[in-house]
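Me: Could you go through a structure with me? I would like to ask short questions as we go.

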Amino acid sequence: MKAMIVFASALGNSKKIAEVIGSRLKIDVHNVRSISAPKMADTIIIVGGIYGGKSKKELKEFVNLLDSTKVRSIAVITSSGAGERRTTPSEIAELIRARKINILGELNIRGRAFIFPTGHPNETDLKMATEWVEKIIKA
């Protein structure tokens, strides 16, 4: 199975999450700013923050470039001050659904809330995210 991780990060939370998952599971990690839409991928794990209820513009642009005939499925990991308390789907998840690409799920992780340090994502968060991705890509 060909999997890849694509992230966008303003505060470093999403980058940290993406790089830890990539390192632990041996999956290539790409900053969305340095990659165009993939020609073919079984699974893309998109990692991005939620800022004031919104996803980063460059992640939305990336999703809009995806070809549903070349990408089998996508999993979304978001980080925000609300973390797992956030229950509404991210804009990224909604865009994926609108593009008729299979969405495997969305995991919400607590992150730093702008100037308010929360101590997240911590090792427990990173382990949870890694295990979630591992389960998804093996399914």
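Me: At roughly what angle do the axes of helix 2 and helix 3 cross?

Reply: The axes of helix 2 (residues 57-65) and helix 3 cross at roughly 10° and come within 10 Å. Axes here are lines fitted to C-alpha atoms, for helices over the stretch in contact, and angles run from 0 to 180 degrees between N-to-C directions. Please note that this is a predicted model, in which local features need pLDDT of at least 70 and side-chain atom pairs count only at pLDDT 80 or more, while totals for chains, interfaces and linings use all residues. Residues are numbered from 1 along each chain as its sequence is written, and side-chain values use heavy atoms, with hydrogens and water left out.

Me: How are helix 2 and helix 3 oriented to each other, then?

Reply: Helix 2 and helix 3 are therefore roughly parallel to each other. The cut-offs are as follows: angles under 35 degrees count as roughly parallel, over 145 as roughly antiparallel, 65 to 115 as roughly perpendicular and the rest as oblique. The crossing of helix 2 and helix 3 is right-handed; that is, the near helix is turned clockwise from the far one by less than a right angle, whereas anticlockwise would be left-handed.

Me: Which residues meet there?

Reply: From helix 2, L59, K60, V63 and N64 meet E91, I92, L95 and I96 of helix 3. Contact means heavy atoms within 4.5 Å. By class, the contact of helix 2 with helix 3 has five nonpolar, one polar and two charged residues. In this scheme Ala, Val, Leu, Ile, Met, Phe, Trp, Tyr, Cys and Pro count as nonpolar, Asp, Glu, Lys and Arg as charged, and the others, Gly among them, as polar.

Me: Stepping back, how many helices and strands are there?

Reply: The protein chain has four helices and six strands. Their order from the N terminus on is β-α-β-β-β-α-β-α-β-α. Both kinds of element are DSSP runs numbered from the N terminus, with helices (H or I) of at least four residues and strands (E) of at least two.

Me: What about helix 1 and helix 4: what angle do they pack at?

Reply: Helix 1 (residues 13-25) and helix 4 (residues 123-138) pack at about 55°, with their axes 9 Å apart. Helix 1 and helix 4 are therefore oblique to each other. Their crossing is right-handed. Helix 1 contributes K16, I17, V20, I21, R24 and L25 to the contact, and helix 4 contributes E123, L126, K127, A129, T130, V133 and E134. Sorted by class, the contact of helix 1 with helix 4 has seven nonpolar, one polar and five charged residues.

Me: Which residues have the most contacts inside the largest nonpolar core?

Reply: They are I17, I21, I45, V47, I77 and V133, in a core of 20 residues. A nonpolar core is a set of buried Ala, Val, Leu, Ile, Met, Phe, Trp, Tyr and Cys residues joined through side-chain atoms within 4.5 Å. Strand 1 (3-8), helix 1, strand 3 (41-51), strand 5 (71-80), strand 6 (102-110) and helix 4 each give two or more residues to this core. A second, separate core of 19 residues includes V6, V71, V76 and I101.

Me: And what does I21 touch further along the chain?

Reply: Leaving aside neighbours within four places in sequence, I21 is in contact with I5, K26, I77, A129, T130 and V133.

Me: K26 is on that list. Is K26 buried or exposed?

Reply: K26 counts as exposed, at 73% relative accessibility. Buried means under 20% relative accessible area, exposed over 50% and partly exposed in between, using a 1.4 Å probe and protein chains only. K26 lies in the loop between helix 1 and strand 2 (28-31). Although K26 is not a glycine, K26 has a positive phi of about 60°. Most residues other than glycine have a negative phi.

Me: Where is K100, and what is its phi?

Reply: K100 is found in the loop between helix 3 (91-98) and strand 6. K100 has a positive phi of about 65° and is not a glycine. With 69% relative accessibility, K100 counts as exposed.

Me: Last one: is S14 buried or exposed?

Reply: S14 is buried, with a relative accessible area of 1%. This residue lies in helix 1. Not counting residues up to four places away in sequence, S14 touches F7, A8, S9, V47, G48, G49 and S79.
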